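User: I have a model open and would like to talk it through with you. Could we go over it piece by piece?
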Amino acid sequence: MIRRLFYLSLGALITLWVMRRLQALHPSHVARRTASGAAGMLAQVRDFTSDALGEAADRETELRARFGLDDSDHID
């Protein structure tokens, strides 16, 4: 009797786990996770490019000051 109850509860637990896994694979859930992941990655790329462009502008200002190229309108 105890063994039957154990296997019955084990089967119910495995069934519940499998059903949750199958629901997670539903196309709307996958699309939502993909969209949120892409949005997060896009935000990271925007932050990186913003930082990189800021650092490049600072470095350009530093180099122009060092080599006396303060007049940016004059191009050789």
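User: Let me start with one side chain: is Glu-62 buried, partly exposed or exposed?

Analyst: Glu-62 counts as partly exposed, at 40% relative accessibility; buried means under 20% relative accessible area, exposed over 50% and partly exposed in between, with a 1.4 Å probe and protein chains only. Please keep in mind that this is a predicted model, in which local features need pLDDT of at least 70 and side-chain atom pairs count only at pLDDT 80 or more, while totals for chains, interfaces and linings use all residues. Residues are numbered from 1 along each chain as its sequence is written, and side-chain values use heavy atoms, with hydrogens and water left out.

User: Which residues does Glu-62 form salt bridges with?

Analyst: Glu-62 pairs with Arg-59, where the closest N and O atoms are 2.7 Å apart, and its side chain also meets that of Arg-66 at 3.6 Å, N to O. A salt bridge here is a side-chain nitrogen of Lys or Arg within 4 Å of a carboxyl oxygen of Asp or Glu. Arg-59, Glu-62 and Arg-66 are thereby linked in a network of salt bridges.

User: And how far apart are those partners along the helix?

Analyst: Arg-59 and Glu-62 are three residues apart in helix H2, which separates them by about one helical turn, and Glu-62 and Arg-66, four residues apart in H2, are likewise separated by about one turn. Helices (H or I, at least four residues) and strands (E, at least two) are DSSP runs, numbered from the N terminus. As for exposure, Arg-59 is partly exposed at 41% relative accessibility, whereas Arg-66 is exposed, with a relative accessible area of 54%.

User: How many salt bridges are there in total?

Analyst: The count comes to three salt bridges. Besides the two at Glu-62, Glu-60 forms one with Arg-64, the closest N and O atoms being 3.2 Å apart, and both of these residues lie in helix H2, four residues apart, or about one turn of the helix. Glu-60 is partly exposed at 42% relative accessibility, and Arg-64 is partly exposed too, with a relative accessible area of 26%.

User: OK, zooming out. What is the secondary structure of the chain?

Analyst: The chain comes to two helices and zero strands. Its radius of gyration is 29 Å, well over the 11 Å that the globule rule gives for 76 residues, so the chain is more spread out than a compact globule; that radius is taken over C-alpha atoms, and the rule is 2.2 Å times the number of residues to the power 0.38. Along its principal axes, the C-alpha trace spans about 90 × 25 × 15 Å, and buried residues make up 0% of the 76 residues.

User: What spans do the two helices reach?

Analyst: Helix H1, residues 2-24, has 23 residues and reaches 33 Å from its first C-alpha to its last, close to the 33 Å expected at 1.5 Å a residue. H2 has 41 residues and reaches 59 Å, close to the 60 Å expected; the expected span is 1.5 Å times one less than the number of residues in the helix. H2 is followed by Gly-68, whose phi is positive, near 70°.

User: Why does H1 lie largely in the open?

Analyst: Of the 23 residues of H1, the number buried is zero, so the helix lies largely in the open. Leu-16, which is found in H1, is partly exposed, with a relative accessible area of 48%.

User: Which residues make the nonpolar surface patch?

Analyst: Phe-6, Tyr-7, Leu-10, Ile-14, Trp-17, Val-18, Met-19, Leu-22, Leu-25 and Val-30 make a patch of about 990 Å². Patches are made of residues with over 30% relative accessible area and no salt bridge, like charges being joined within 9 Å and nonpolar side chains (Val, Leu, Ile, Met, Phe, Trp, Tyr) within 5 Å; areas come from the Shrake-Rupley method with a 1.4 Å probe, and for residues only the protein chains shown count as cover. H1 gives the most to this patch, with eight residues, while Val-30 is found in helix H2, residues 27-67.

User: Last one: how many aromatic pairs turn up?

Analyst: A search of the whole structure finds one aromatic pair. The rings of Phe-6 and Tyr-7 have their centres 5.2 Å apart and their planes at 70°, so the pair is edge-to-face; rings of Phe, Tyr and Trp (its six-membered ring) pair if their centres lie within 6.5 Å, and planes under 30 degrees apart count as stacked, over 60 as edge-to-face and the rest as tilted.
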